[in-house]
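Visitor: Hello! I am new to this structure and would like a close look at a single part of it. Could you show it to me first?

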Amino acid sequence: MPEPTPSNYVPLGRVRRQDGAPRDQVTLEAFLPGRWSGSLVLTYSPVDPVRVGSGVLFPQPVRGQTELVQDVTLVRGKPVLPGSSVKGAVRSLVEAIGGGCDLQGTCQPLCVACSLFGTVQGNDSWKGRVGFDDALAAKDVKLGLARLPRAFPPKATVGRRAYGPAPEGVRGEDPYFVVMPGSTLTGRLLVHNLDDAELGLVLTACGLDGSFAPRLGGGKYQGLGRTRIAVTSARLRQGPGRPRALRGAELDERISLWLGAWQPPEGADKVLGVLRQQMGVR
Ligand SMILES: [Zn+2]
């Protein structure tokens, strides 16, 4: 019998499935009373090295030898964290703590994750109400080199899981450029017609309560990617009113209200406990 490959993930428990807002009640055509629309400016601060791979190999001298290193994704010469990658990571956290469907078969009525992040079912598609811009590195970006073992597909589907620190006894092989802790990237969270509880759920999944940092980018199986997310300002309209800038104490107070408005479904506390264990930053 071959030794089992060391792994660093923990299966997440099940959460009672929650219905999302029905499509006809959260149209994208109008700004609905009591719901928030606009943008929140996010800063991303890596706690672990973060790999945002471009697939391009870059010849780099390493300890006196030239090695081909997988480059990071660059925009205007600066590392960029693609919004699609952040959206995927935050969506799966929303599914895990908010009780989303498993994207198997049809989702009718829409679960909370499909209602927020969108879904495609046959010819029918729903764009969703949450998006993320690409995040660009601010001035102080530090690049480093990480060696990752070759990834392998799990033998059986393992369902939702949370990744922890790197497993012991796995040797890194292929070199990758990574964005190092101490760097800051800035992007935006875009929302359309979210109520207080929905915004609270999305921000909880982003780790805004400060108890964990979501893993973003590649190499999670080798302990990479924990990234603290913070909201530094927002420009939001509530209902059809004019958009307003929110910052400082007013913004912090709002964030607390949103976080408190989300009612975790049955089982969510256990899942949050695992996330805090595997991705904790306190
Ligand atoms: Zn769904």
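Visitor: Which residues coordinate the zinc ion?

Guide: Welcome! Please keep in mind that this is a predicted model. The zinc ion is held by C101, C107, C111 and C114, and each of these residues coordinates through its SG atom, at 2.3 Å. If you follow the sequence, you can find the donor residues by their spacing, which reads C-x5-C-x3-C-x2-C.

Now turn the view so that the zinc ion sits in the middle. Seen from there, the four donor atoms subtend angles of 107 to 112 degrees, and the arrangement is therefore tetrahedral. The cut-off behind that word asks that all angles between four donors lie between 85 and 135 degrees.

Next, let us see how much of the donor residues can be reached from outside. For C111 the relative accessible area is 1%, so this residue is buried. C114 is buried too, because its relative accessible area is 0%. Both words rest on a simple limit: a residue counts as buried when its relative accessible area is under 20%.

To bring the picture together, look once more at C111 and C114: these two donors of the zinc ion are buried, C111 with a relative accessible area of 1% and C114 with 0%. Along with C101 and C107, they supply the SG atoms that coordinate the zinc ion, in an arrangement that is tetrahedral.

Terms used. Residues numbered from 1 in each chain as written. Predicted model: local features only at pLDDT ≥ 70, side-chain atom pairs only at ≥ 80, totals over all residues. Heavy atoms only, no water. Donors = N, O, S within 2.8 Å, 3.2 Å for Na, K, Ca; no water. Tetrahedral: all angles 85-135°; square planar, octahedral: opposite > 155°, others 65-115°. Buried < 20%, exposed > 50% of the residue type's maximum accessible area, 1.4 Å probe, protein only.
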